[in-house]
Structure formats: C-alpha cells, structure tokens
Amino acid sequence: MKLTVLLILLGLLRVSATINAQVYRINLELDDVACEKAIESVKGQTNLDFFFSNQELNVNRKVSVSCRNASLEEALRQILGEGYSFRIIDNTVVIRPVKNQLPQPKQVTVKGVVKDVKGNSLPGVTVLLKGTALGVSTDSDGKFTVSFPEMKDAILLFSFVGMKTTEVKYTGQTDIKVVLEEDAAEMEEVVVTGIFERKAESFTGSVTTYKGEELKKIGTQNVLQSLKTLDPSFRITPNNQFGSDPNKLPDINIRGKSSISNIESEWGDDPNRPLFILDGFEVDLQTIVDLSMDRIASVNVLKDAASTAMYGSRAANGVLVVETVKPKPGKLQFTYNGTLTVDAPDLSDYNMMNAVEKLAFEKAAGFYDRQKIYEDWRNYQDLYNKRLALVQSGVDSYWLSEGLRTGFTHKHNIRAMGGNEAMYYSFGLNYSGNEGVMKQSGRDVLGANINLQYRIEKLQISNDFTFDYTESENAPVAFSEYARVNPYYRKEINPDHPEYLEIYSAAGYTYRRSNPLYNASLNYKNGTKSTGFRNNFRIEYRPVVGLRLSGKISIGKTDGKTEVFKSPYHTDFLEKVQTERGSYTKSTTGSTSYNGDFSVSYGKVFRETHNLTVIGRWEFKSQKRLGDSFIAIGFPTDRIDNPAFAISYPEDGKPSYSESLGRSMNMMMTANYSYKERYLIDATIRRDGSSNFGANKLWTNTWSVGLAWNIHKENFAGDWADVLKIRTAIGNPGNNGQAYDTYLSYAYNTTYQNVFGLGAQLNSFGNRDLDWQKTRDITVGADVVLFNRRLSVTLDYYTKITDPLIIQIGVAPSTGKNDFITNLGRNTIKGLTIDLGVRVIDNREKDLTWSLSLNGYHETSRYSRIGNKLDKFNETLVSSSVYRYRDGGSSTSIWTVPSAGIDPMSGKEIYIRKDGSYTFTFNQNDEVICGNTAADLEGVIGTNLYWKGLSVNAYLRYGFGGDLFNSTLFERIEKIGRYTDQYNQDKRAYYDRWKQPGDRSKFRDISDVSDGRMSSRYVQKNNFISGESFSVGYRFFGQDWLKKAGLSSLSVNASMNELFRCSTIKIERGTDYPFARTFSISLNASF
Amino acid sequence: MKRFIYIIVLLFFTGLISSCNDWLNQTPHDKIPGDELYATESGTEEVLNGLYLGLAERSLYGGELTVGMIEALAEHYAVPANHRYKDLVDYAYGTNASKAYFSSVWNGMYRQIANCNVFLEQIAVHQGNYNPENYKLFRGEALALRTFLHFDLYRLFAPAYTEENKTQRAIPYYDKETDTPTPYLTGEEIMNRLLEDADEAIALLDKDPVLNLDTLSFQADGNKAVSWQHRHFRFNVYAVQALKARMYLHTGDKPAAYAIASALLNGQNPAGGTNNFNTAFPSIMRMPSKYRDVLCFSEVIFGMHDINRESMYRRYFSLDLATESILLAGEKWRTEKYGSNMLDMRYRGFGEAADKSETETMLAVLKYQKKSLVASDPYTFRNELVPLIRKGELYLIAAEASPSDTEKEHWLEALVINRGGYQLGDVTGDLDAYIDLEYNRELYAEGQYFYYLKRNGVTSLMKQDATTKNVSAGYFVLPVPDAENDNRVD
C-alpha cells in the first residue's frame, strides 16, 4: 500500500488580513454530523482555510457540537476531540494529531555504481528503495547516492529498460557495485499484431517474434529468406525454374497451402500468400521483398486463429507483421549500415556431357544411321565426320558459364534521428544495387523515409512517409538456352552466319542451330521501372488511464512501366517479313490505395487479479489498379529501342486496358482476460465486407477463441520453470485476396460494329452467391522454457480445414461458358511444428554462450469432396505436370502411372495397371499417387556461439521422406526426341540408358526417340541437407579507437548462404536462372 | 460543445455504416454492370445489338457458318492439299484441326444462346423500365435469335431429320442461363420447342415496324429510334416466318413450309394483317439497274450488318491470301452449275484468278468484294451486308415444298426471272435437279447448300474440278466437341 496522502484544500484562493484566533466567535449547534461537515460549518463562519490529512483525521467520524459564541479553539476541540492540535498560519488552520509523534528515524546513505555485464557503466538506471517511492537515478558514470531512513530488511531495486531488474539487500554496506544483465527475454515478450501490442505471456495465440538483428545474422538478401531459416511454419517453395532471379517473387506459405490456385487472376495474386502488415498497414509481397533489412526492428509471424483473428477474412494464410525502426528522442544520432554481397552461380547440380560424350551419344542413339536412302545416309555420315573433326581438334566448349557472372550487390542504409521528448524524428535513405548472376539481370532499389513523432501529454501524432524507386532488368537469354548448346560448337559468333552456330543440309532439309551468344549480343531491353510512395498518418489519444482512442490513415500510390524490346535481328523474327521484324511492348501498371481505421481500446486491472483488455476497431480499405499495354512491331534497325521507330501495330493487335477496384470494410472486437496471469482467454469477432464476393454474400463473420494456462505462474510450479504455457485456439479465418467476377457484367464489342451503334456482350455471368472461403483452424501448442532459460521448446499441432474452397471448375460449353467460379471441395491440412533450443554453455563470467537449435515440421494435406468437377482442369495438366486436383490427393501429391522399370529384353518401359498387371502401354486412367513432395520432416539445425562480442552461427537445412519428380531424368535423359543433336544433355543419357538386350538399366532404350510418359520411374526420394546459412560477426565496444573515431558502436558481420547441398536426388536446379551461393559482409555503425 | 462533437461523430458513423453496401458494391470501370445497362431502354438496346454483333464472329456467321467451313463442306471451293480446310473436306473429323473448327462453332453458338437467355431473363426483371411495345420487340427478337441459333446447331451437330433419326439424341436446348448442362433432346423434341419459340416470337412481333416501314432507308418516324429501323438487319417478324418455313421444310412438313413461303412471296403476312412483304423486301429487278448485282441486297430478309465486312473478304477471298487459306471456285464447276448465262446477275460473282493454280482455271469469289460507291449512294450498306435469310431461299422452299410440278415450275421461274437474263424454257426437265442448281447459284457462299444436301440425303457431291465425291450420312453430322461430353454425366 502506497503512502498516498490525499490532501484536501478548501477554498483555495481568498484574500484576508491576518487575524488572531481569538477574534472569532463561533456559534454551532450540530447533532451527529460528519466531522468534515462540522469543519465546513466552522469554515463558513470564519472564512479560514483548513488544511489536514484525511489519513490522520477521520473525517467521517460522527460528532455533535454545541457552542455559543465560542472561540475557534473551543469549537475545534469539540469537533476534533482530544488528540489533535491546530495552528493558524496566515489564513490557514493546520490540524495535526498531537500524539504518535515518532522520533525522527536515522538516515543512512549508500553510494555505488551500476555496470552492465561488459563492464560499461550504465547511466539512467533507476535505484529505488523497495516498497517506497524513494529513489534516484544513476549519473552519466553510472554512479548513484541514495539516502533513506534506516529500516529492517531494506532492499534496493535497480531497473533499466532491456535489463533484468536486480534486487540488492542493504546490510550496512556503504559502497554497492551492481551488474545488470541484459534481459533478452523481456524484449521478446511483446507481441506485435499490427493492431495491438501485448505481453507475450498474456496472449493465447501462436506467434513468434524475431528482431531485425537476428534476421540479419542469417543473411542479407531479404527478410523472408532469413525468416524461413528461423521459423518452421514459414516456408518458401524453391523455384526450380527461376532459381535466384532477383526479379521473381518467392512462393511463400505459412503452415501449408489451403487454397486451390487454379484461378488465373487478372492480377496474378497467389491465393496462398500470407497477409503482410508493415507498420500497421497492409502491403504487398514486393514491398516486403524490397524492404531494406536495416530498417526492420522486428518481425512477428502470426500463425493460428487466435493471433490472426484480428485480420478475419484475410487471415487464413497467416500474417506477417513487420515493424520498422522507430525514432527515439535524444541528441542527433547517425547510423550507417552497409552490405556487400557476392553471388556466385551454383552449377554443381548440372551434369552435362562433354564434346566426346555428346557425339558418342548421338552415334549410339542412331542419329546418323537412321536414314534408309543411301544419299541421305551419306549426308548424315558427312555431318558426323565434320563434327568428329571438330571434337578431335579439341573443341569442347563449356556453355554453362556463358551468360553468367559473379554478381556484386551493395546495400547502404543511412539514418539520422533525434529530437526532444515532444517532437522527434528520423530520416532514412537506403539503396540496394542487386546484380543477378545472369549478365544484364539485376534489381536496384532506392528508398527514402521520413518519420515524425509528436507527443504531448495525452496526445500522440506520428507520420511516416516512404518513397521507393525500383529498376529491374532481366537477362536477354534464358540460362537454359546456354545450358543446352552442344559442347562441340565453338564459342564464337560465326561471321558467315552470325545467327547460327551451324547450318547443315541433310535428307532434303536444312537445319539451323541458333547461337544464344548472337541473340544476347543484340540491343535489348526487358525491364521494369516503378515508383511508389506511401504516407501513414496516426493519431492516438489517451484521455484517462487505460483508455486509448486511435485513428490511422494511409495513402499509397505505385506506378510501374515495363518495356520489352526485341531486336529485328533476333532469330525469333527470321521467318517474318521485313516489316514485322523486331517488337516493342510497353505495359504500365498503376495502383492507388487508401485505407484507414479507428479503434478504441480499454485495459484495466481489477483487484490485481483480473486483467481485462477490450479493443473495438473499424477499418476500411480501397485499392484501384490499372493496367494497359500495347505492342509495336517492325523496326528497321535495333539501334533505337523506342516505339517512334516502329512501323506499325501487329495485325489485330489492339491496346489492352484493365481496371479493378477492390474495397473492403470490417468491424472487429477483441477481448483478452486473464486471471492472475495464469488463466488466459482471448476472443475475437469480426465482420467483414468485401467487393470481391457475390452481391448476396457481401458480408461475412469470422471469430476465434484462444485459451491458455501459464503453469509457471502457479504456486506449485518450481523455480526450474521460466515459462510453461499450454494454449489452444480455434477460429474460422477467411481468405479474401482476390477479386472474382461476381457481377453480371458486359463489355462493348469493339471488334464488330453496325449501324445501331454500340453493342454490349456478356463479359461475366456473375455468381451473386459466391461465398467466402474460410478455414477452420485449430491449434494446440505449448511454450516451455526451463532451467534458467537453458532449454526452450515450442510445439504446435494444427489442423486447418478449408471448406468449401473457391474453385474454378470446367463446365460443358453448351452452357455458354467454359468454366465458372464456385464454392466446392475441401482441403484438410494437419501439421506439427517444433522449435527446440538448448543453451549448452551459459557462462556469464566469461561472457560465453553456446547454444544449439533444431526446428522442423511435418505436414499432410488432403483434398476431398471435389469429385470429378476438376477433371477438365486436370486434363490440361496431364502433359506438363504430375499434380492433380483429385479427392484423396493434395497439392503435393505426385499422380502418375506406376512403372515396373525397363524391360531388360526390349529396353521398353513396363507400366503397372490398376489391377496389378503389367503392360507396355501407358494409360492415363492407371494414375495413382506415386509420391509426395512434402518431406516427412523438414527443418533447420543451428548452432550459435557468442564470446565477448564475437558470434558464430551456422544453420543447416535438412529434409527427409519427401519425393520429387525428377524432371532432369525425364527431360534431359529420355525426352530428347529424334533430333538427338539439337541440344546437349545429361551425361546419364549416354552412360545409363539401355543399349542391348540383357542390359539392366533404369532408362529406356538409347535409340528410342519417343517422348516418353511421366511415369513413377522418375519419382525419387528427396532426402537432403544444405548449408543454408553460416555467419561470423563481431561487435566492437568500449575500445578507445571507437571513441576517437566518434563512433558509439560498430559491428561487422559476414555470412554465407546456400553454401552446399547434398541430396539423394540429382536434378538440375534453376533451369532458366541458376541458383546462387551468396557471400556477404555487412557493417553497422552509429555515431 | 462535447455533446455536439458526440452527435457529429455519431451521425458520421451512422452515415458510414448505412452506405457501406453501396461503397462495397463496386465493379471495375472497364466493364459495365448488367444492372446499369438494363436500367434504361437505350442500355437494353445496346445489349440487344450486342446479340447481333455476336453473330458476326469469324467462327460463326461472320465466317465459318456463312462463307467458310460450311461452304467448303458443301464443296463450293477448291481445297488444295495444303489448305486449312483439307481435313474437313476429307471427312477427317477426328484431327485436331477439324475439332478446333467444330468446338469453336459449338462453343460460340451456345455462348450466343446464353447471351440471349441472360437478356431474356434480365429484361423480364427490368420490364418496368421499358415502353411495353418495345419490351415485346426486345423479347420477340431475342427469342427469334435463340431459335435461329438452336436450329443451326441442330442442323450441324445432329443427324438429318428423318423418321428414324428424329427420336435420336440431338443437341441440348437452353431456355435459361445455368451452370448445369441441360440434357440432350431428341430431334423431334428440339424441333417442337423451336417451332413453339418461333410462334411466340411471331406473336410478340405483331407490331413489328417492318409491317409499316421500308427496310432499305431510314425514314423520319419521330417515335422510332434507329434501333427500330433497318429491320432487315434485325430479326423482324417476316424473318421469323421465313425461319419457320425453313424449319418446316427441314422436318419434312412440306405443306406447312409451302403455306408460309407462298404466302410471303404473294406479299401476305402469314399471321394475317398487313400485306407489305414485297414492298418491305422489293425484288432486285424493281431497283435501278446499277444495284442489280450478285448480292441482291434488297431481297435480304435478315442479314448481318458488319461495317468491317471487308476484313471477312480479306480473310477468305482476297487474292493476296496464301494457297492454304484462300477460297477459290473452279471454272469447271461453274460451267456445270451456272451454265453460261452471263446475263444472270449471279454469274458475275466470280472473276478469274489464273495464277493460283497451274492445271485449271480458278475463279476468284467476288460476292463480298467491296464495291466502290459514291458517298451519295443511298445503299452503301451493300458493302457491309452478310445475308442470313433471303427471299431467294423462300422461292426455293416454295418450289421444293410445292404440292405439284406446276407450282414448282412457277416458283422456280419466278426466281430466275428476278435474276435477269431469263429465257423462256430455261426451267425445264428435272425440276428437282433444277432446284439443286438454283441452291448453288442463289445461296453460294451463304452457308445454306450444306443443309440442302443433308436434308435430301445426298451422297455424291460435285467438286470444283467437276469430279464427284461420295460421302456417307456421317459427313453431314459434325461431332460434338469432347469438352461437352467430358463435362456432363449423360
């Protein structure tokens, strides 16, 4: 109980002469009234002020007074009774109790100094006598002097932001040395959802928080690449086609893919992408990818229904909340972060034939001996001899390295911040010049941001302005074009026929082999420039303790321009007439959006046991997107790459234009209650409206409930448990990322016209009843931290049932449509994630820690209730893919016809029918699930060591139990076709294919030129381990040279990503754009 | 003051919440919401006109079903080995090239039917927005169009209407917009439905402006907008009657076909009332001689107006085209079918195109070639017209359905006289064979001869080099696309 003294000052301002107390004559006749009331009456007759403490004086005591023409002294004696005295000072009567006058306690004075574990003195530490308000702060040298009355069991409390609060018992010592430890846990304990911040301990949701520094230690590419290493729920599907292309967006999901992505959206949105919230506002994936990692303060991954519920209809895929560094008041401070990255193409998975092998392979495949007519056969023999002469003269070109380079990327980020308590600011500039590993490809990002904060008493205003300029450039020739060139061609542009490496005539036809070096040498343009800005304004008002009103509004605009110029000399145009050679395509995109919200939150602690927080929020959002494009063709020369030199538009080519407007609105209410911080409950309800859905289904409700039990807060829990929490959450978040044609709409026919003027034709039939896709999400989890934070475990088991899905299904064309979008089918995802950390060595004295970590996930998913409705769509997948949308399968199931291998007698493939019998004929109807690309367990093993400022980290990704359709086997070993000499192939095509009866081979007859079918023979186990991240960092502090250089801190970090990969499957990775190994050094300095 | 602020805030939120649905109800600006169009009569006219413009697709009546595929199948063009129609005329209906033609016709026709059905459903909902007379015209025209489309689908994809075939599965029939395919009906069921639909359309079009107006030029009629003029570009009531005659003849109901065709040609409206058929669609011989060309434009009862008809010519007939896509006639065939009467205006529909073939003389098809017209020409739309139902066909229907040879001869003579160069005694001999000749002459490159052949069970066709091609009945039944049968349960 605090010593709160409530002072009542009555009749504050009054002018009166100083008069002796005897002057007053008082008449009072009161019976059984409150003491206070009686004093009031005296005050009324004397015009005196009274001053007393209602702790010392019982103002409610009932008194009876009777006096006539009495003195003030007498009247007060009657009112107050014995035990009180009074004095008149000026015009104020001060009432005091007469007895209980304690002797003045003896004062003691303690001096001391506070330092951190590294020995730096800590200024500004609060030193408080426990149980009192008596306290001081440490000075700039960390020293303090505190005096207090001598008492039994006096305890001094030392507290400082980011440090563990330390208690020191006073036992008569005069000089105290205190060392404060950094409290890493405390910093982590706040959960940021983008809508509210809350202590992690009192939240029931499944959330993990990462600091910007942690993420930067993993790698410097972008925040998402680092997150995938740290969080087993956050996954990036490797893009085998585009590898490390800096201009391709990663394919991301949190806890699995719940939607079927067969809907080709006009704007190409991926329905399985999580929601991205940057500083409280929704942004797109590209913004997050381009966000400078040096600006990131923290990233929160919201995974389950309780944590994402505030985002209702957008939350089914999880939410990624990114907070940037906010300015802090203080003197002007500069920070600089610089990163230099070197990317080297990783070609270790390529296994191409050399010139000798390739020619031998062509011969063995019968390419030169296939002709029946002697003359033709002679032609081919001549060709063989010509090539043989080349090979024998030593030509063996390594084409893989063509078009590639070592990419150098440098990133800079500079920030200035400062200001006083009322108004503070930060200005930042960042630049990233990213060179891709393919020549001419790259991505440059330039950004600027200004953040202003104004705070006065109960009001806080902040404004965030961000500007970005991005320039991207793509490589002129896909990597696959180089990779497939025959090694027996010279690496040169032949002056006789620059377009071709070789021209030969045989059997009445002329064959030409294009030279990728030639196409790459032409003038070319394929890039995008985009500019965007975003302004976020926020106002917050706290009229009374616990109540907060806040409003936000954000305006953003992005404009992009893509230009593709192809030279008229490009081999693509050789067949065209002169006036149609060369092309120029220009497309522009624009997006304007605004959104805002208004929220009220109230939090109160009742009787120190019941903690309640309630938040109500209303939000609106609108985004308009525009796109247009045109093509111009026919360029007389390739020197000039702008449309002014084009001859015309292509026949029937008309400019295109599209526009979409998406609007949504929601109202949300969330409440959190905890009892003694032991039993927690979170409940959220949200109502969403969106223009994406049918007119009859504009609105929907989502809800969630989360429960948790903090066992470590219970009395029976021992000291060994730092955190022991079990939690569960259930909810029905939705997935509303796309606009569907839900309205009956028309478009004017501009191709045909008649005398009657305009004619409108059906554009979309509209499905007014299209309903929202929602996912029932149930999570059970536990957070455990034991033995003084030596061991930590986080476990989550989740089930996500999406029912019904939104699917585009094929329909008989006699209905007038090819397909329509409807609610159908069900997808069930079940998964387990684990995150384990052990601090093996934790030696504070030597400042040494060594810890190990392991995370992993296991996940299964299953489609049901689709029936045959997607058969038509599956049909379109048959020739190109092994994925199908069928009941019992999943997005990762490999559907194909089982293979019994290659018949050693004939070299043909034997397929297994559904009834188990063998056949040489491939029948699509025999397709079954032959594998699953999802690993049984995939995750990351890590270790980190910290010793006096030096930190070493290593993370290895492992995965086992998954399968993969080995497209290299299919395409580069068997699906070669009759023109065996067209492309270079995998070495195994020559060495491992069946050659003669009796050969036990995994691959078909070498002379079989048919395309082959995607049978289970190509499905292989994909167990792998890869060197995802290695890093070494050192943080300088306290050194004299730092101060001389005017630096307050300096740290250096070096990291390597994707260093190696060992796998049970040998497959070419990055077919159009190779993967890269990354090495980077970064420097952070503050002045 | 505080209370005032509360009230303002409260009003603000009440206003916001109540206008939420309006705010959310948004459609992109590059499309027009249906509700917006149907809200006004002029918007609805735009949708109706869209139904006509939809016919002009190259895969439908702007190409394959009038001058392209359908005429090639009827052996009206010389199709060399590398021609894109080669598989079609060789009856190789299973190849991907052939299937692509069939499915684009099937899908396109049914898409137009769906357009009609949505239109019919929407105008019923928005009926209050229209003048009741115009509502009848809207509904009548759309019904007629839907009938026309179904009938051609039936004639293309179902076996010919015979006693044994009429109970066979034919095509699906749609009278409403749906996501679920409707079952296949038999030929008999289809034809009954279509005749009912035609009758309903005729009843709705009982005040069709064509009954009072000349179709050939705009007339000052204060009450009628452009939409209700130029009725020969719209499904007018006479066109529905003619369609009905066409349908009756197809089902073998010759008396019914004869009744309608003869009534019309005699100037009468078969539904009774006005008798202005021959003034609405005057014989070409009544027009000044400079208008008398192969198109006989004044006799078109229902045609498409496509101001870009020139592109159709360039795509199918232009002499610039490569051999794999140009459509040419053979001189030998013309000699057989047209004789040598150069005075017959239809004879002038061909020109010499010597360099396209070395072995025999090939003829360019000039029917749709653009004529150079002066600006003051009142009938410039001749260059933009694609006939779909013409009076000439009515003469042939009447002749074919005639109860006796006398009438047959009468109607044939009446037709030939109207084409100039008639010499007494031309119409003699085998009158049925003469009808065949007239189909070739009158309806060349208009897509009707194929149905004539199918209806009459013809098994031998004359090719452009005057040789004969024998075909089976299956040749006249286009296969339904796989996508249709793969996506339905029946």
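Q: Buried area is the accessible area (1.4 Å probe) that two parts lose on being put together, summed over both; how much of it lies between chain A and chain B?
A: First, a heads-up: this is a predicted model, where local features need pLDDT of at least 70 and side-chain atom pairs count only at pLDDT 80 or more, while totals for chains, interfaces and linings use all residues. Residues are numbered from 1 along each chain as its sequence is written, chains are lettered from A and ligands numbered from 1 in the order in which they are written, and side-chain values use heavy atoms, leaving out hydrogens and water. Carbon and sulfur atoms give 60% of the area buried between the two chains. The whole area comes to about 5,000 Å².

Q: Which three residues supply the most of the area that chain A buries against chain B?
A: Counting contacts (heavy atoms within 4.5 Å), 57 residues of chain A meet 60 residues of chain B. No other three residues give as much of chain A's buried area as one trio, which supplies 16%. They are Tyr746(A), Tyr752(A) and Phe756(A).

Q: Which residue of chain B forms a salt bridge with Lys817(A)?
A: A salt bridge here is a side-chain nitrogen of Lys or Arg within 4 Å of a carboxyl oxygen of Asp or Glu. The rule finds two of them across the interface of chain A and chain B. In the one with Lys817(A), the closest N and O atoms are 2.3 Å apart, and the partner is Glu177(B).

Q: Which strand gives the largest share of the side of chain A that touches chain B?
A: There are 17 residue pairs in polar contact across this interface, both residues at pLDDT 80 or more; a polar contact is a pair of N or O atoms within 3.5 Å, where within protein one must be able to donate a hydrogen and the other to accept it, and residues adjacent in sequence count only if both atoms are side-chain atoms. Several strands of chain A each supply at least two residues of the touching side, including E32 (583–606), E33 (610–633) and E34 (656–675); strands (E, at least two residues) and helices (H or I, at least four) are DSSP runs, numbered from the N terminus. The largest share is nine residues, from E34(A).

Q: How many of the 1087 residues of chain A count as buried, as a percentage?
A: Chain A has 15 helices and 59 strands, and its C-alpha atoms fill a box of roughly 145 × 80 × 65 Å along the principal axes. Buried means under 20% relative accessible area, exposed over 50%, and partly exposed in between (1.4 Å probe, protein chains only). By that rule, the buried part of chain A is 50%.

Q: Which helix gives the largest share of the largest nonpolar core?
A: A nonpolar core is a set of buried Ala, Val, Leu, Ile, Met, Phe, Trp, Tyr and Cys residues joined through side-chain atoms within 4.5 Å. The largest one has 162 residues, and Tyr61(B), Met69(B), Phe157(B), Phe235(B) and Leu394(B) touch the most other members. Its largest share is 14 residues, from chain B's helix H8 (residues 132–157).

Q: Is Ser311(B) buried or exposed?
A: Ser311(B) sits in helix H13 (residues 309–316) of chain B. Its side chain makes a polar contact with the side chain of Arg58(B), at 2.6 Å. Because its relative accessibility is 15%, Ser311(B) counts as buried.

Q: How many residues apart are Glu677(A) and Lys713(A)?
A: Their side chains meet in a salt bridge, 3.0 Å from N to O. Glu677(A) is in the loop between E34 and E35, and Lys713(A) in the loop between strands E36 (699–710) and E37 (721–731). Glu677(A) is partly exposed at 26% relative accessible area, and Lys713(A) is partly exposed at 28%. In sequence, the separation is 36 residues.

Q: Which strand holds Asp796(A)?
A: Asp796(A) and Arg727(A) form a salt bridge (3.0 Å, N to O). The partners are 69 residues apart, with Arg727(A) in strand E37 of chain A and Asp796(A) in strand E42.

Q: What is the relative accessible area of Asp208(B)?
A: Asp208(B) is in a salt bridge with Arg231(B) (2.9 Å, N to O). Both lie in the loop between helices H9 (187–204) and H10 (237–250) of chain B, so the pair ties together parts 23 residues apart in sequence. Arg231(B) counts as buried at 1%. Asp208(B) is buried too, with a value of 0%.
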